[in-house]
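Colleague: I should like to take a close look at the disulfides of this protein, together with the parts of the chain around them. Please begin with the overall make-up and then work through the detail.

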Amino acid sequence: MRLSLLLLSVGALSLSAFAEVSFEEKQSRVELIERIQSNVPAVSLEAYQRDLNYERQNLSLEERAQNEVNLLAEKIKTQVALTFQAELEKNDDPEAAAATVRAAIERDLALASPEMREELQTLAFEALESAQRGGLSEDVRLQNIERSMLSRVTERSAYLNHEAPDANIGNNAPGGIQLPRSNNDRDSERREYNSKQELINSLVSDRDNTRWIGTSNMSINTGVTRSAETNISYQLKFSFLGVALEGGPSINFKREYATNAQIIAEGLNPILLNDGNFDFWKRDNRNRIVVSGGKNQKRFLAFWCEASEKFETAYTGEGGFTVAGIGATVTGSNAYSNNVTLSSRRVFIPEYLEGRTVTMALLNRICMNDFLNARLSNNYTIKQSLNVMMRNVVSSLQFSHPKTKCGVDSQCMPWFRTNGAPVIGNGGYPRCVEEPREHYRACVIKGLQGTKCPIYKEGRLVSSGSFEYACDAGLRCVQTKEYGWFRSLNIFQLAEGVCRPVNPRTYRSPRR
């Protein structure tokens with residue numbers, strides 16, 4: 001995943017004290033998260049938007065946490081009620097519907113964070129009992145969930161309110177270096193820098209790159225320097241009755257940083273001279289410096305730095321990772337890895353830095369040491385920004401059974417339009433069912449009234465099996481043709497069956 005430096009401000013840093021930040025600045029930080037959505041769709045924009053509203057209302061962190069708990073509770077109550085109603089419509093048996101939903105609650109909450117699981121289960125079962133009674137559920141005290149939410153709103157508040165240290169770096173404060181703000185002086189094509197800090201500031205500025213080349217060229221990747229850090233733990237969302245909820249397990253991620261320098265030059269003659277210095281001159285086919293108007297001609301010779309953070313986990317236990325939510329096209333895994341890469345601005349390789357000629361070794365040290373710790377205009381370092389992006393990418397993960405493809409029937413409709421409708425048309429209907437042995441949920445086609453269904457005899461299929469589907473709830477498979485050899489007719493025939501209502505007076509097709 002490659003992200004521009006413009007997107008690096010998004011994150012949440014845990015801090016002990018906040019400096020004064022204007023509401024306009026807080027709003028701009030949330031707007032930055034909104035702009036990042038095309039690159040990292042999983043960033044929790046809604047949560048930050050709620051936090052901005054909390055800032056406007058001047059709510060305390062405890063009040064914000066309580067609001068977040070209330071939202072989670074309402075989401076669970078709503079989902080339990082909708083799932084119960086859907087099951088009730090399938091078989092018109094309240095006890096059977098409640099038993100199905102109760103089993104689904106127990107299955108999905110097995111993936112919740114252990115310290116939150118008991119409270120979530122109490123809340124969900126109370127909501128189910130209320131759905132059976134047709135009334136409202138009572139409030140349930142959720143102390144452990146409140147503590148977890150307090151930690152999260154504190155992190156997000158830190159992002160909105162924190163004014164990073166060294167805020168004067170890059171401004172007009174005494175001793176600070178003025179970062180370039182416009183592109184009028186073509187500073188990306190500077191040939192000399194007075195200090196290494198000037199060069200670093202140019203690399204991480206938001207100004208335009210140097211021009212690109214329009215002829216033959218060669219490039220060098222200087223190799224990669226890697227450094228590993230200790231594991232970091234993140235709490236994931238988990239799948240509950242087809243929706244993503246806060247409060248999944250805490251998973252350890254191993255992360256590794258890598259840095260390198262990329263160099264590109266005009267022409268195909270070597271970039272480096274015998275003494276290790278760069279060859280800044282254009283050369284002809286005889287390796288002679290090109291002269292025009294009595295002046296030696298410079299070649300295009302530019303570089304940029306790259307820094308990346310790889311993070312991965314291999315989880316062992318019940319459940320697994322899904323990335324795009326609980327949908328019919330989602331695949332799961334018990335391992336997850338990703339990579340975030342940041343590329344600096346592209347600038348000319350300087351001929352002189354601090355009065356000394358620039359060598360390949362010097363560029364290596366700049367990219368592999370200084371760039372990773374360079375501070376951006378938002379006062380985060382490249383390393384901190386990589387961590388922020390890692391956190392936001394991880395926020396896309398949900399936890400569920402690796403083979404789970406759905407949570408409720410409605411999530412199977414897109415799958416049915418592609419895989420079922422062209423074959424069976426309106427004679428079938430998509431359902432999300434649980435596999436009886438491994439207990440994952442997947443989409444299947446159920447036959448409606450008049451659809452052919454499979455016939456078994458002593459555990460063996462005796463119908464054709466072609467275009468036959470198990471009957472939907474409220475229907476049963478009625479055999480219409482016998483299986484076997486019929487001497488009087490001198491023919492052998494396969495059995496046939498058709499889906500018919502168990503009770504024609506009460507049966508309702510789901511397509512009505």
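How many helices and strands are there in the protein? And which cysteines does a disulfide join, as in the case of Cys305?

Modeller: The structure is a predicted model, and the protein in it has 11 helices and 26 strands. Its 512 residues include 46% that count as buried. Among contacts with a separation of 6 or more, 69% are between residues 24 or more positions apart. With that background, I turn to the disulfides.

Searching the whole structure gives 4 disulfides. One of them is formed by Cys305 and Cys367, with an S to S distance of 1.9 Å. The torsion about its S-S bond is about -70°, so this disulfide is left-handed. Cys305 belongs to strand β11 (residues 301–314) and Cys367 to helix α8 (residues 360–370), so a strand and a helix are tied together by cysteines that are 62 residues apart in sequence. How accessible are the two ends? Cys305 has a relative accessibility of 0% and therefore counts as buried, given that the limit is under 20%. Cys367 is likewise buried, with a relative accessible area of 0%.

Another of the disulfides is formed by Cys412 and Cys443, whose sulfur atoms are 2.1 Å apart. The link of Cys412 and Cys443 is left-handed, with -85° about the S-S bond. Here Cys412 sits in the loop between β18 (398–400) and α10 (413–419), while Cys443 is part of strand β20 (residues 441–447), so the pair ties a loop to a strand across 31 residues of sequence. Cys412 is buried at a relative accessible area of 0%. For Cys443 the relative accessible area is 13%, which means that this cysteine is buried as well, since 13% is under 20%.

The link between Cys453 and Cys477 is also among the disulfides, with an S to S distance of 1.9 Å. This link is right-handed, with 85° about the S-S bond. It connects distant parts of the chain: Cys453 lies in the loop between β20 and β21 (456–457), Cys477 lies in strand β23 (residues 475–481), and the two are 24 residues apart. Strand β20 thus enters the account twice: Cys443 lies within the strand, and Cys453 lies in the loop between β20 and β21. The two ends of the Cys453 and Cys477 link fall into separate accessibility classes. Cys453 has a relative accessible area of 1% and is buried, whereas Cys477, at 32% relative accessibility, counts as partly exposed because this value lies between the limits of 20% and 50%.

Some further features help to place these links in the wider structure. An open sheet is formed by 3 strands in the order β2-β16-β17, with mixed pairing. Its edge strands are β2 (192–193) and β17 (356–357), each of which pairs on one side only. Strand β16 (residues 352–353) runs parallel to β2 and is joined to it by 2 bridges. Within this pairing, Tyr193 is opposite Leu353 of β16.

Among the helices, α4 (residues 94–109) and α5 (residues 114–133) have axes that come within 11 Å and cross at roughly 165°. The angle is over 145 degrees, so α4 and α5 are roughly antiparallel. The crossing of α4 past α5 is right-handed. The residues that meet there include Ala98, Val101, Ile105 and Leu109 in α4, and Leu120, Ala124, Phe125 and Leu128 in α5. Charged residues also take part, among them Glu95, Arg102 and Glu106 in α4 and Arg117 and Glu129 in α5.

Two buried polar residues complete the picture. Asn269 lies in the loop between β8 (250–266) and β9 (291–292) and counts as buried at 15% relative accessibility. Apart from its neighbours within four places in sequence, Asn269 is in contact with Met218, Asp279, Trp281, Arg283, Asn287 and Arg299. Arg156 is found in helix α6 (residues 143–161) and is buried, with a relative accessible area of 12%. Asp51 is 105 residues from Arg156 in sequence, yet the C-alpha to C-alpha distance between them is 7.3 Å.

Conventions. Residues are numbered from 1 along each chain as its sequence is written. This is a predicted model: local features need pLDDT of at least 70, side-chain atom pairs count only at pLDDT 80 or more; totals for chains, interfaces and linings use all residues. Side-chain values use heavy atoms; hydrogens and water are left out. Two strands pair if DSSP finds at least two bridges between them. Helices (H or I, at least four residues) and strands (E, at least two) are DSSP runs, numbered from the N terminus. A disulfide is a pair of cysteine sulfur atoms within 2.5 Å. Buried means under 20% relative accessible area, exposed over 50%, partly exposed in between (1.4 Å probe, protein chains only). Axes are lines fitted to C-alpha atoms, for helices over the stretch in contact, and angles run from 0 to 180 degrees between N-to-C directions. Angles under 35 degrees count as roughly parallel, over 145 as roughly antiparallel, 65 to 115 as roughly perpendicular and the rest as oblique. A crossing is left-handed if the near helix is turned anticlockwise from the far one by less than a right angle, and right-handed if clockwise. Contact means heavy atoms within 4.5 Å.
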